[in-house]
Amino acid sequence: MAAVEGICYGLVGPGYATAGNILVSEATVAAMEDAFLTGRAANLGERLIAVLEAGQEAGGDARGRQSAAVKVMCQTVVPYLDLRVDDHPDPVAELRRIYELAAAGEGGELEFYARVSCDQHASENPEDYPE
């Protein structure tokens, strides 16, 4: 339901919310909601990027493209995923690209952060994890 017609849209369901300011139309958040509910991604970070992709494809921000970000927390102050793209002509596509780089390969960066951020007994001191 639109809070301010033509400016802010949002949808809420069990365990999720989609919202945006200065969107092309309510179709943007509807596409985001559909992507979240039907997404079959391996993890929440990848699923959220798919949600951003769906929102962009449905029209996105009425002002154009500028930035995109995704942050996923687990059980510690160390984020599982914290990616941001600023001042880019296609920020959602660039966010997907850097996500794929971080997720690449066994023992990759995302695997490390998943282990640290989701283990409530893990140290939050990077010095405790030799390279």
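Which residues have the most contacts inside the largest nonpolar core? The legends below take up this point first, for a model that is predicted.

**Figure 1. The largest nonpolar core.** This core has 13 residues, and those with the most contacts inside it are V70, L81, L83, L95, Y99 and L110. The elements that give two or more residues to the core are β4, β5 and α3. Helix α3 supplies the largest share, namely four residues. Leaving aside residues up to four places away in sequence, L83 touches A68, A69, V70, L95, I98 and Y99. In soluble globular proteins, nonpolar side chains tend to be buried together.

**Figure 2. The second core and the surroundings of T18.** A second core, separate from the largest one, has 10 residues and includes Y16, L23, M32 and A54. T18 is found in strand β3. With a relative accessibility of 7%, T18 counts as buried, because the limit for a buried residue is under 20%. When residues up to four places away in sequence are not counted, the contacts of T18 are Y9, G10, L11, V29, M32 and E33. M32 thus appears both among the residues of the second core and among the contacts of T18.

**Figure 3. Helix α2, its length and its packing.** Helix α2 covers residues 44-57, that is, 14 residues. At 1.5 Å a residue the helix should span 20 Å, and its end C-alpha atoms are 20 Å apart, so the two values agree. Within α2, the residues G45, I49, V51, A54 and G55 are buried. The buried residues of this helix pack against α1 (26-38), β4 (68-72), β5 (81-85) and α3 (91-103). An α-helix has 3.6 residues a turn, so residues three or four places apart point the same way. One of the buried residues of α2, A54, is also included in the second nonpolar core.

**Figure 4. The two ends of helix α2.** At the start of α2, a side-chain oxygen of N43 reaches to within 3.0 Å of the backbone nitrogen of G45. G45 is itself one of the buried residues of the helix. Just after α2, G59 takes a positive phi of about 130°.

**Figure 5. The salt-bridge network between helices α2 and α3.** The count of salt bridges in the model comes to eight. E46, E53, R96 and E100 are linked in a network of such bridges. E46 forms a salt bridge with R96, in which the closest N and O atoms are 4.0 Å apart. E46 lies in helix α2 and R96 in helix α3, so this pair ties together parts that are 50 residues apart in sequence. R96 also forms a salt bridge with E53, where the closest N and O atoms are 2.9 Å apart. This second pair links distant parts of the chain, with E53 in helix α2 and R96 in helix α3, 43 residues apart. At 17% relative accessibility R96 counts as buried, whereas E46 is partly exposed at 24% and E53 is partly exposed at 26%.

**Figure 6. A salt bridge between two loops.** The side chains of D90 and R65 meet in a salt bridge, with an N to O distance of 3.2 Å. D90 lies in the loop between β5 and α3, and R65 in the loop between α2 and β4, so the pair ties together parts that are 25 residues apart in sequence. D90 is partly exposed, with a relative accessible area of 29%. R65 is likewise partly exposed, and its relative accessible area is 40%.

**Figure 7. Positive phi angles at two residues that are not glycine.** I22 has a positive phi of about 55° although it is not a glycine. The place of I22 is in the loop between β3 (16-21) and α1. Its relative accessible area is 33%, so I22 is classed as partly exposed. D87, which is not a glycine either, has a positive phi of about 50°. D87 lies in the loop between β5 and α3, the loop that also holds D90. Is D87 buried or exposed? D87 is exposed, with a relative accessible area of 63%.

Definitions and conventions
Residues are numbered from 1 along each chain as its sequence is written. This is a predicted model: local features need pLDDT of at least 70, side-chain atom pairs count only at pLDDT 80 or more; totals for chains, interfaces and linings use all residues. Side-chain values use heavy atoms; hydrogens and water are left out. The expected span of a helix is 1.5 Å times one less than its number of residues. Buried means under 20% relative accessible area, exposed over 50%, partly exposed in between (1.4 Å probe, protein chains only). Contact means heavy atoms within 4.5 Å. A polar contact is a pair of N or O atoms within 3.5 Å; within protein, one must be able to donate a hydrogen and the other to accept it, and residues adjacent in sequence count only if both atoms are side-chain atoms. A nonpolar core is a set of buried Ala, Val, Leu, Ile, Met, Phe, Trp, Tyr and Cys residues joined through side-chain atoms within 4.5 Å.
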